[in-house]
Amino acid sequence: MNNVETIKVVPARYPWRTVGAIAALFVLAVVIQSVAFNPRWEWGVFARWFFDPVILEGVGQTLLLTLIGTVLSVMFGGMLALARLSSSWLLSSLAFGYIWLFRSLPLIVVLIILYNFSYLYDTLSLGVPFTHIVWGHFETINVLGQFSTAVVGLTLVQSAYTAEIIRGGFLGVDHGQYEAAAALGLPAWRRTVRIILPQALRTILPSGFNEIISLAKGTAMVYVLAMPELFYTIQMIYNRTQEVIPLLMVGAVWYLVITTVLSAIQHIVERGLARSERRSAVNQSRAAGRTRTVTTTQEPVHASLS
């Protein structure tokens, strides 16, 4: 007669995890109660201004600045990253100097200097430096308006950070991938776009989206140009109505909405990239399996000698 021993499986218990969750829920309930039921937050004022056309126009300006700044900074930052990785010491040094300069300067300083560009330089000339040879010149008065100054300033600063993110992504790719791509005899641009860049995107995307979110919030700094983006619009309203807290909450919630949408886009892009990588890995394994099958099914041929 066989003796069968029954093993009772007892799930692990984590009492401190439960205590921590209860404490966190308690703190969250206290915060919600203090914010939702405190009349000094003036939620009625918040609701009245949240979808006001003036506020929505400021949101549109913020989104437009974020979009244009992102596109231009990715393009210019990509060129800076390639220059930093170049074997030419001159290109690498110039790119390093640009990145060092604009990562060191505060955005508000760059915006103010650009807005006063016509004061610093009356004219811009095209010619040979350190000579009197000039092919043409034009007045700088009113060259940069509010919107163009904001776009240029955001692009100049953001491209320095974007360049380092892209450079880090390329450096994260194994050096053997570069050698294998070169062995295929492909042109340099095609090796970069078709082989190296798809692998570097896994490192670039998370940090890149963080910078886009920072850029969306950084557009608030263009208030120094008196440009009617979201934050400047809110300032003008609460300076007139003296309803500071509810209007600041309007801006805070709109920034939360913008960053939430950007985070959702990041999640979708990363999930799509991971799905394509899994599909590529499955296809490669299937191709390898078919190759092994063909190799193992070949029968040896024996020749008889008479």
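This report walks through some side-chain packing, ring pairs and salt bridges in a predicted model.

**Thr 219 and its surroundings**

Let's start with Thr 219, which sits in the loop between α9 (188–218) and α10 (230–241). Being in a loop doesn't put Thr 219 on the outside here: its relative accessible area is 0%, so the residue is buried. Its side chain has a partner, too, with a polar atom 2.6 Å from the backbone oxygen of Ala 216. Setting aside residues up to four places away in sequence, Thr 219 touches Thr 62, Leu 65, Thr 66, Leu 154 and Glu 229.

One of those contacts, Thr 66, belongs to helix α3. Thr 66 has a relative accessibility of 6%, so this residue counts as buried. On the polar side, a side-chain atom of Thr 66 lies 2.8 Å from the backbone oxygen of Thr 62. Beyond its neighbours within four places in sequence, Thr 66 is in contact with Ile 212, Leu 215, Ala 216 and Thr 219. Thr 62 and Ala 216 turn up twice in this corner: Thr 62 is touched by Thr 219 and offers its backbone oxygen to Thr 66, while Ala 216 is in contact with Thr 66 and has its backbone oxygen 2.6 Å from a side-chain polar atom of Thr 219.

**The nonpolar cores**

Leu 65 and Leu 154, both touched by Thr 219, lead straight into the largest nonpolar core. That core has 21 residues, and the members touching the most other members are Leu 65, Tyr 98, Phe 102, Ala 150, Leu 154 and Val 222. At least two residues each come from α3 (53–84), α4 (89–104), α5 (107–115) and α7 (146–171). Helix α7 makes the largest contribution, with six residues.

What does Leu 65 contact once its neighbours within four places in sequence are left aside? The list is Phe 147, Ala 150, Val 151, Leu 154, Thr 219, Val 222 and Met 227. Apart from the largest core lies another one, of 15 residues, including Ile 55, Val 59, Leu 247 and Val 250.

**Aromatic rings**

The model has 10 aromatic pairs. Phe 46 and Phe 50 make a tilted one, with 5.3 Å between centres and 35° between planes. Both of these rings belong to helix α2 (residues 43–50), where they are four residues apart, about one turn of the helix. Phe 46 has a relative accessible area of 14%, so it is buried; Phe 50, at 12%, is buried as well.

Tyr 98 and Phe 102 form another pair: their centres are 4.6 Å apart and their planes are at 40°, so this pair is tilted. Here the helix is α4, and the spacing is four residues, about one turn. Both Tyr 98 and Phe 102 are buried, and both are among the core members with the most contacts to other members.

Phe 46 and Phe 50 also take part in a wider cluster, in which ring pairs link them with Trp 41, Trp 43, Phe 51 and Trp 254. Elsewhere, a charge meets a ring: Arg 17 lies over the face of Tyr 14, at 4.1 Å from the ring centre.

**Salt bridges**

There are three salt bridges in the model, listed here with their N to O distances.

| Residue | Partner | Distance |
|---|---|---|
| Glu 243 | Arg 48 | 3.4 Å |
| Arg 84 | Glu 164 | 3.9 Å |
| Glu 164 | Arg 167 | 3.0 Å |

Why does the bridge between Glu 243 and Arg 48 tie together parts that are far along the chain, 195 residues apart in sequence? Because Glu 243 lies in the loop between α10 and α11 (244–297), whereas Arg 48 lies in helix α2. Glu 243 is buried, with a relative accessible area of 17%, while Arg 48 is partly exposed at 48%.

Arg 84 and Glu 164 bring two helices together: Arg 84 is in α3 and Glu 164 in α7, so their bridge joins parts 80 residues apart in sequence. Both of these residues are buried, with Glu 164 at 18% relative accessibility. Glu 164 and Arg 167, by contrast, both lie in helix α7, three residues apart, about one turn of the helix. Put together, Arg 84, Glu 164 and Arg 167 are linked in a network of salt bridges.

Technical notes:
Residues numbered from 1 in each chain as written. Predicted model: local features only at pLDDT ≥ 70, side-chain atom pairs only at ≥ 80, totals over all residues. Heavy atoms only, no water. Buried < 20%, exposed > 50% of the residue type's maximum accessible area, 1.4 Å probe, protein only. Polar contact = N/O pair within 3.5 Å; in protein donor to acceptor, adjacent residues only side chain to side chain. Contact = heavy atoms within 4.5 Å. Core = buried A, V, L, I, M, F, W, Y, C linked by side-chain atoms within 4.5 Å. Phe/Tyr/Trp six-rings, centres within 6.5 Å; stacked < 30°, edge-to-face > 60°. Lys NZ or Arg CZ within 6 Å of the ring centre and 35° of its normal. Salt bridge = Lys/Arg side-chain N within 4 Å of Asp/Glu carboxyl O.
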